[in-house]
Amino acid sequence: MSLPARRTNTRFTALVLSVVALACSPASAVAPPAGNTIVKAHAEPATAAAASVETIDALVTDATNQPLAGVLVTFTVTSGGGSIAPATATTAPNGIASAQWTLGAAANTDNRATATVAMASGSPLVYLTHTNAAPAFQLANLTAGEFHACGLAVDVAYCWGSNAHGEIGKGVIDPAPDTRPVAVAGGLHFKAIAAGRNHTCGITLAGATYCWGDKALLGTGVVEPADRPNPSLISSVQFWDAISVGFNSTCAIAATTHFVWCWGNNVFGQLGDGPTTTPLGPVQIASVNTFTAIAVGEQYACGIATAGGVYCWGLNNNGQLGDGSTTQHLTPTLVAGSSTFTVRIATGVRHTCAVDASSHVWCWGIDANGELGDGATTQRLVPVATAAGLAYSAIAAGSGGSNHTCGITSTQLNCWGRNSDGQLGDGTSGIDRLVPTQVAGGGAWLEVVAGNGFSCAANTSHVVSCWGHSSLGSLGDGTTLARLVPTPILPP
């Protein structure tokens, strides 16, 4: 007997296949039906720091505005660089999926990301955050050598420019200039720093003095076999308050006694101790005076005595010692009429300037390019007042062959003298100025320093700009281009 054909239950089969398909599909996400909506659960920040990590999230709801769980959300970076993780996420029971968005490293840039849900209204969501401008690199205690400059970022020393002798202090000697600031090696913390022609010195927070650069000028007490690109402790065990570095010598004021000690080359008596022999370490100048300020120029030095008056010693071929003669002095000699010069002192190549108790500037010495600021080009063997009688809070004299001077008044920054490389910052070059002339750009300034053919200044926000000659990177702006007006230095 033949049996009847077996009937297939198609409804049952379809149900089993549906269950199997559901069991085999990913449990982490469901296909959203039409009518779903995607919105931002929280707004992204309008601005943020470059490379910062921000949380972005998306809320998925159904047609009745109820949160949907298990919906797949895709996050994507679309501009500005950076990254996002995870790239996909499923919504939680509250309907929200989140991701960590790492913004791009570029400052002052729009960063965009999206969140996408298939068939959802509002998809893709677009997130937009603008990275803030890079924070300004701030320096204080500026100093300029012949072809390099330095400053302190709180208590960390940074230098830029020529490094042929290790004067930058970055740990290596490099014939190529450093055109932007680099940190001085060794991890020391400084309260003062001073730059010369081929060497630099600094006083640590603890009062110890370290020098680096030209092997003959470091004051370590021994014959150095080679130039030192790392800070080296000077041989004296004293603590120090102030320091100044010149062409080939250094002087510092002892913290406890306030006597001045000097070291380095002494061919012209610039160490002030009486003989012209060059010691290996610091020697005390031949003076019973204590001092409040010290400035070292090219083979001479000057200081403001605690009791009043400015004393100078060393080379005097152009009257830079200010005693009315051109006679070299091996020990400190009083500058004529300097009893009121109690505020500031600055030494250059062959000229000197000081600020008196009324904040007026007086200068003396060579005046080939108008660096004395009195409207003439006449060498002065005694101090002469600069033109206009302005009150100055800071003063600086150029090194090397620069022959220029700069100063800060309550309202402006002025420079005068030689302008061969645009070091006066007034937008011109090759035009010397015989009287104080305002530096271009205006602004409010705290500090000014002058090197060989260049100048640098810090504004009231401690942002540093430089101008003038830069073939060895002395302007710190990442180039070796001359600048005729103040140009901000770059961060390290």
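**Exercise 1. Which residue forms a salt bridge with Asp374, and how far apart are the closest N and O atoms?**

Step 1. Keep in mind that you're working with a predicted model.

Step 2. Find Asp374 and look at its partner: the salt bridge is with Arg380, and the closest N and O atoms are 2.9 Å apart. Side chains of opposite charge can pair when their charged atoms come close.

Step 3. Now check how much of each residue is accessible. Asp374 has 18% relative accessibility, and buried means under 20%, so Asp374 counts as buried. Arg380, at 26%, counts as partly exposed.

**Exercise 2. Work out how far you can trust the model along the chain.**

Step 1. Start with the average: the protein chain has a mean pLDDT of 92, and 93% of the residues score at least 70.

Step 2. Then look at residues 1-30, where the pLDDT is below 50. Beyond near neighbours in sequence, that stretch has 10 contacts in the model.

Step 3. Draw the lesson: where pLDDT is low, the predicted coordinates should not be read in detail.

**Exercise 3. Trace the open sheet and find its edges.**

Step 1. Write down the strand order. Five strands line up as S2-S9-S8-S4-S6 in an open sheet, and the pairing is mixed.

Step 2. Pick out the edges. Strands S2 (47-48) and S6 (88-90) each have a single partner strand, so one side of each has no neighbour in the sheet.

Step 3. Zoom in on one edge. S2 and strand S9 (residues 125-131) run parallel and are joined by 2 bridges. Thr47 has His130 in S9 as its bridge partner.

**Exercise 4. Look at other salt bridges and see what they connect.**

Step 1. Get the total: the structure holds 10 salt bridges.

Step 2. Try the pair Asp241 and Lys191, whose side chains meet at 3.8 Å, N to O. Asp241 sits in strand S18 (residues 240-245) and Lys191 in strand S14 (residues 190-195), so this salt bridge ties together parts 50 residues apart in sequence.

Step 3. Check their accessibility. Asp241 is partly exposed at 38%, and Lys191 is partly exposed at 31%.

Step 4. Move on to Arg433 and Asp426, which form a salt bridge with the closest N and O atoms 2.8 Å apart. Here Arg433 is partly exposed at 25%, while Asp426 counts as buried at 17%.

Step 5. Finish with a group: salt bridges link Lys170, Asp174 and Asp178 in a network.

**Exercise 5. How many disulfides does a search of the whole structure find? Describe some of them.**

Step 1. The search finds 7 disulfides. A disulfide is a covalent bond between the sulfur atoms of two cysteines.

Step 2. Take Cys201 and Cys211, with sulfur atoms 2.0 Å apart. Cys201 is in strand S15 (residues 199-204) and Cys211 in strand S16 (residues 209-213), 10 residues apart. Their link is right-handed, with 105 degrees about the S-S bond, and both cysteines are buried.

Step 3. Next come Cys353 and Cys363, whose sulfur atoms are 2.1 Å apart. Cys353 belongs to strand S27 (residues 351-355) and Cys363 to strand S28 (residues 361-365). The torsion about their S-S bond is about 110 degrees, so this disulfide is right-handed. Cys353 and Cys363 are both buried.

Step 4. Finally, try Cys456 and Cys466, joined with an S to S distance of 2.1 Å. Cys456 lies in strand S35 (residues 454-459) and Cys466 in strand S36 (residues 464-468), so the bond ties together parts 10 residues apart in sequence. This link is right-handed, at 110 degrees, and both Cys456 and Cys466 are buried.

Definitions and conventions:
Residues numbered from 1 in each chain as written. Predicted model: local features only at pLDDT ≥ 70, side-chain atom pairs only at ≥ 80, totals over all residues. Heavy atoms only, no water. Pairing = 2+ DSSP bridges. Helix = DSSP H or I, 4+ residues; strand = E, 2+ residues; numbered from the N terminus. pLDDT = per-residue confidence, 0-100. Contact = heavy atoms within 4.5 Å. Salt bridge = Lys/Arg side-chain N within 4 Å of Asp/Glu carboxyl O. Buried < 20%, exposed > 50% of the residue type's maximum accessible area, 1.4 Å probe, protein only. Disulfide = S-S within 2.5 Å.
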